[in-house]
Amino acid sequence: MAAVGRSLEIVARRAAEGDQPEEAGAVHQVDPELMQAVGEEFAARFADEAVDRVVTIESSGIAPAVMTALAMKKPMVILKKSKSSILQDGVLQTEVFSFTKNAPYQLTLKPQFVHPGERVLLIDDFLANGEAAFGGIRLLEQAGATVAGV
């Protein structure tokens, strides 16, 4: 698990340099070096799961998920938190309660991006009470995919 050591080294170096946000809710930057190490670690941990694609929930999950997909050499799909004007027909949706916003939203997947029988890895950035992850799992299973890991 060399990537874990690398991730912790990066976090420790950033803290020593004073490059940390004042509070957890104020994070509005991405550390690409750290995200690369995190992606490599997820790829290593799920290497034996025969993953077909990586899935994440917009928007903060995109950085770790894209680095995981890159390390695994797999495509990445983003679950939307609302139905967009260009995703009107043929979408799967499930209601999720947002811990951070204290309100419900519709998690949305266009099933053409996740195919029945595929094995997917769900990567997100934050786990408050698991609602977003459970919603993502519901959508992926509705699409006929198997969740290989979270």
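A50 is placed in the loop between α2 and β1. In this predicted model, the residue has a positive phi, near 50°, and is not a glycine. Most residues other than glycine have a negative phi, and most peptide bonds are trans. A50 has a relative accessibility of 51% and counts as exposed, because the cut-off for that class is over 50%.

Past β1, the loop between β1 and α3 holds S59. The peptide bond that joins E58 to S59 is cis, and its omega is near -5°.

Helix α3 spans residues 62-72. Its buried residues are A63, P64, A65, T68, A69 and M72. What lies over these residues? The cover of the buried residues of α3 includes helix α2 (32-45) together with the strands β1 (53-57), β2 (76-79) and β5 (119-123). Both β1 and β2, the strands named in the crossover described below, are thus among the elements that cover the buried residues of the helix.

After α3 comes K73, with a positive phi near 60°. K73 belongs to the loop between α3 and β2, and it too takes this phi value without being a glycine. Is K73 buried or exposed? Its relative accessible area is 73%, and a residue over 50% is classed as exposed, so K73 falls in that class.

The next element is β2, where the side chains alternate between two faces. V77 and L79 point to one face and are buried, whereas M76 and I78 point to the other and are not buried. Strand β2 pairs with β1 in the parallel sense, and the pairing runs over four bridges. Within this pair, T56 stands opposite I78 of β2. The chain passes from β1 through α3 to β2, and the resulting β-α-β crossover is right-handed.

Two further points concern the aromatic rings. Which residue lies over the face of Y105? K81 does, at 5.7 Å from the ring centre. Turning to pairs of rings, such a pair is described by the distance of the centres and the angle of the planes. With a limit of 6.5 Å between ring centres, the count of aromatic pairs in this model is zero.

Note on methods
Residues numbered from 1 in each chain as written. Predicted model: local features only at pLDDT ≥ 70, side-chain atom pairs only at ≥ 80, totals over all residues. Heavy atoms only, no water. Phe/Tyr/Trp six-rings, centres within 6.5 Å; stacked < 30°, edge-to-face > 60°. Lys NZ or Arg CZ within 6 Å of the ring centre and 35° of its normal. Buried < 20%, exposed > 50% of the residue type's maximum accessible area, 1.4 Å probe, protein only. Contact = heavy atoms within 4.5 Å. Pairing = 2+ DSSP bridges. Right-handed = clockwise from strand over helix to strand, strands pointing away.
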